[in-house]
Amino acid sequence: EKTGKVLGEFCRCYKEQYGVALFNSVRYEIEGNGGPQAQLLHRKVPLEDHVIYSGNIFQYIEDNKKWRNRFCVVPHNYGLVLYENKLAYERELPPRVLVNSAGYKVLTSVEQYLELVNNSLPGVTPKSGHSPILKCPTDFPLILWHPYARHYYFCVMTGKEQDKWRAVFQDCVRHCNNGISEDSKVEAPAFTDAVRMYRQSKEQYGTWDMLCGNETQVLSNLVMEELLPELRSTIGPRLKGKAPERQRTWIQISDAVYRMVYEQTHAQYDAAMARCEQERPQLESTIRTDMDQIITSKEHLASKIRAFVLPKAEVCVRNHVQPYISSILEALMTPTSQGFAEVREVFFKEVTDMNMNVVNEGGLEKLVEYMEKLSRLAFHPVKMQSCYEKMDQLKLEGLQQRFDVSSTSVFKQRAQIHMRQQMDDAVHTFETLLHQELGKLQGKDDLCKSIQRILERVLKKFDYDSSTVRKKFFREALLQITIPFLLKKLAPTCKGELAKFQELIFEDFASFILVENTYEEVVLQSVMKDIMQAVKEAAVQRKHNLYRDSMVMHNSDPNLHLLGEGIPIDWGEEFPGQPEPEPAGQGDRRRRAKQVVSVIQDDDGALPYEMGIEALPQPGSPEPRELQDPGAPPSSPGGVKEIREALAQESLGVNVPPEPSLHHAAPASPKAQGDVPAEVSHVTPASSPAPGAESAGTACHRPSDQETGEDMTPPGPPQPTGTTESGEGVQTEF
């Protein structure tokens, strides 16, 4: 009932915003209003046929209260896929678990987790001396926590492993949170605007942490935001047992409800999308035929709303926003610019290391080996972690409460995604230019000089694009902070009067012009001038190596963007070292799959005695019933030997040798200089996990992109469906 009510209101908002977004898209297509052209090339399919990471990790199985060793694979779509062991993965057996990590938080201490669990069910806190809801057998836990869905518990044996896995998990969360494709110029803006309008109709302004994942996940979060407090007040007092048991039951109830909400949301949203798509041709025809009249009608409406709203908005801006813009901007600029500077530093160091190794170890064959690794640098969670960590310094302090910013995580993740994109653009541009030069080079000395020369060119392009991307990010973040605040301040005096402007819209154009949207545009205009001025002044003062808007780069590589349109470079295929036989089957192809991050841990290892004794199945066999009663206490320390032997048998044939790593020291990177690059001159410009149904199927296929929140079809052989652990067999997970 709650899902139907929320989705009914949302779909009405979506239909209205769809027409507006379609009009804006067609108008942009006709008029055009592009910003500065990017200097770096953009890779179209960055991770085709790659695995981000794979390795062994211990997972806590709630059904039998035991820890088990799993082989975890992170494919190109960033779903976490857990198999019984590596052999099961290579034999294409169904996985145990597939997790879409959108909306999750990665925790590295049990204390953090227990605090969140205690807050999720107020009044239910274990007494001192009682066993908590979770015990970890090592000092290095990794917990995936979600406010509505089930939680996942992992642990490793060392702090180094924990750091690497945390970086991998955080990369998965970051990628899955960004689940709404920006390539969609109509559906994406219509969806995000509809979510915003719906929440504002409930007096909820400001940023929203759960605007993460694909559209169905976001809508499920929207429903759960309203439904969960009601469930908690109804069901919470009826839960029986000790505090940990009640907490565990509540988590299971919340997860079960979330799954039901997801299924209903998925069906209703798809139906709404289909209706809009069906009407699109007629709407687009009207827009193209009556574009001038629609624009004239909208401008007339805007002038009337502006006359009514602007005086009040300007007073509000002057008294409550303008004094704080420079403080917010400075708080954003420092960590963001440090992060981009670190991206530049990491890129410089990796290329310099490669250059030294190629010279020392010999020629083209080594170049190919290192270029295959360099081409995936932006998607290496561990190497990029130092860049991402700079954003952890972002603090808005008192400004956060003043402007109703619930959390800075929205801005942190957005900046981190920009960092990864800039790194990949720099790497792709570098490898494209180097690939073009290879045929002209004579010997290692020429190769070394060419690499250095191309590196310098790419760094200049990076500095320019970095400035452009950061300035755009700062402007968008300032608007995202201030506009909801202004709308909330103006609502009591303005919102009730907007209905009278509806009569100014011709009925034929009512699908493309909305009073509410036009009102928000007027409010935006009231503060936009101050925001633009603040960012411009920061650039004029050369703060954080920002360039002025009047700086444009001469196109020193006129054919570069044509090169970027060519066939993607495959260094291993074009410059093979030793010829290799064709793989005999799918399992062989899996064993030879390209992997971005080296394996962390070779051995399956064993946990301390707390993990208990359990029967370990042979690869390919169904999950056996546990020999020990799930409710029984953990086995005694005397069982350690048997556990180790069982794990050792299970790990036979599973170990993977780590990839070779670079150990050559690199000279310090030249920092981004304050001077304008040689290619820059003064020119006056022309004018943002879905539960599935249970399934007992055993057919093996790769995790689908839709299950993991993406719409890309992975190349290569089919992969297994996502599954989650149960006492026996498997069930679909999100």
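This passage describes the overall make-up of the chain, the pairing of its strand β1, and its largest cavity.

The structure is a predicted model. Its chain comprises 734 residues, of which 50% count as buried. Secondary structure consists of 18 helices and 12 strands. The accessible surface of the chain amounts to about 33600 Å², and carbon and sulfur atoms account for 52% of this area.

Strand β1 spans residues 50–61, and 12 of its 12 residues are buried, so this strand is largely enclosed by the rest of the structure. Residues with under 20% relative accessible area are counted here as buried. Strand β1 is joined to strand β2 (residues 66–75) through 10 bridges, and the two strands run antiparallel. Within this pairing, Val51 has Pro75 of β2 as its bridge partner. The two strands form a hairpin, with 4 residues between β1 and β2. In the turn, Lys65 adopts a positive phi of about 55°.

Strand β1 also pairs with strand β7, which covers residues 152–155; this pairing is antiparallel and involves 2 bridges. Here Gln59 is found opposite Phe154 of β7.

Rolling a probe the size of a water molecule over the atoms reveals where empty space remains. The largest cavity holds about 50 Å³ of space. Its lining is formed by Tyr60, Glu62, Ile133, Leu134, Tyr153 and Arg248. Classification of these lining residues gives 4 nonpolar and 2 charged residues, with no polar ones. Tyr60, one of the lining residues, falls within the range of β1, residues 50–61, and Tyr153, also in the lining, falls within that of β7, residues 152–155.

Conventions:
Residues numbered from 1 in each chain as written. Predicted model: local features only at pLDDT ≥ 70, side-chain atom pairs only at ≥ 80, totals over all residues. Heavy atoms only, no water. 1 Å grid on protein atoms, 1.4 Å probe; cavity = no way out; pocket = protein on both sides within 12 Å on 5 of 7 lines; lining within 4 Å. Points joined across faces, edges and corners; volume = space filled by probe spheres on them. Nonpolar A, V, L, I, M, F, W, Y, C, P; charged D, E, K, R; others polar. Buried < 20%, exposed > 50% of the residue type's maximum accessible area, 1.4 Å probe, protein only. Areas by Shrake-Rupley, 256 points an atom, 1.4 Å probe, with all protein chains shown as cover. Pairing = 2+ DSSP bridges.
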